[in-house]
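Please load the model in your viewer and keep the selection panel at hand. The tour proceeds by selections, each followed by a description of what is there.

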Amino acid sequence: MKKLLLTVVLIVGISFCGKAQGVFKLGANVGLASSDALNGSDLSLGVDAYYMFGYNDAFLSFGPTVGYRNFFIDNNNRYFYRDDAQFVPVAGAARVKVFGIFTGGIDVGYAFGISDYLDGGFYVRPIAGIDVGDFIEINVSYENYSDRFNWGNANVGVLFQF
């Protein structure tokens, strides 16, 4: 419960620190999942929503994010025969834009396990991207979820700005 309260306070605090009007971003990603609980690598799919506040002509931006991840688990799994693993990460996001087109940053927060057998835990996602238009970004990232097992995925995604 303390982790949940800390995550909510962090996200609300970051949200209220913005001086400029925010930008809504929506994205999707696909990746190769790995975990202590998986036999090899499996597929993961996810979606994310961001509300980012920019500073210094958007050189630095930050804000809250929420997402959904589905880890497709092979039925020949060595630890358990379960349905897919699903998480809802809630985090604070920070981004730095370099040369006007390259983006680097990190999302840090808590991932709620919504599958029956998952508890949830610490969530971190370093990310790098490149703008391919005024409103589209292609990115690569690595995510890590700390549950009873360590869940991770290396993925590629697309992000749209509204």
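Which side chain is joined to that of Asn153 by a polar contact of 2.8 Å? Bearing in mind that this is a predicted model, select Asn153 together with Ser44, since the polar contact of 2.8 Å runs between the side chains of these two residues. Asn153 lies in strand E8, which covers residues 150-161, and with a relative accessible area of 0% Asn153 counts as buried, because the cut-off for that class is under 20%. Widen the selection to the residues that Asn153 contacts beyond four places in sequence, among them Leu32, Ala33, Arg69, Phe71 and Tyr142.

Next, select strand E3, residues 60-71, where 9 of the 12 residues are buried. On one pairing, E3 meets strand E2 (residues 42-55) in the antiparallel sense over 10 bridges, and you can follow this pairing at Ala49, whose bridge partner in E3 is Val66. E3 is also joined by 10 bridges to strand E4 (residues 85-98), again running antiparallel; here, pick Thr65, which stands opposite Ala91 in E4.

Finally, move to Tyr51, which has its place in strand E2 and, at 34% relative accessibility, counts as partly exposed. Add Gln21 to the selection: although 30 residues separate Tyr51 and Gln21 along the chain, their C-alpha atoms are 9.7 Å apart. Setting aside residues up to four places away in sequence, Tyr51 touches Gln21, Gly22, Val23 and Phe24, as well as Phe62, Gly63 and Pro64.

Note on methods
Residues are numbered from 1 along each chain as its sequence is written. This is a predicted model: local features need pLDDT of at least 70, side-chain atom pairs count only at pLDDT 80 or more; totals for chains, interfaces and linings use all residues. Side-chain values use heavy atoms; hydrogens and water are left out. Helices (H or I, at least four residues) and strands (E, at least two) are DSSP runs, numbered from the N terminus. Buried means under 20% relative accessible area, exposed over 50%, partly exposed in between (1.4 Å probe, protein chains only). A polar contact is a pair of N or O atoms within 3.5 Å; within protein, one must be able to donate a hydrogen and the other to accept it, and residues adjacent in sequence count only if both atoms are side-chain atoms. Contact means heavy atoms within 4.5 Å. Two strands pair if DSSP finds at least two bridges between them.
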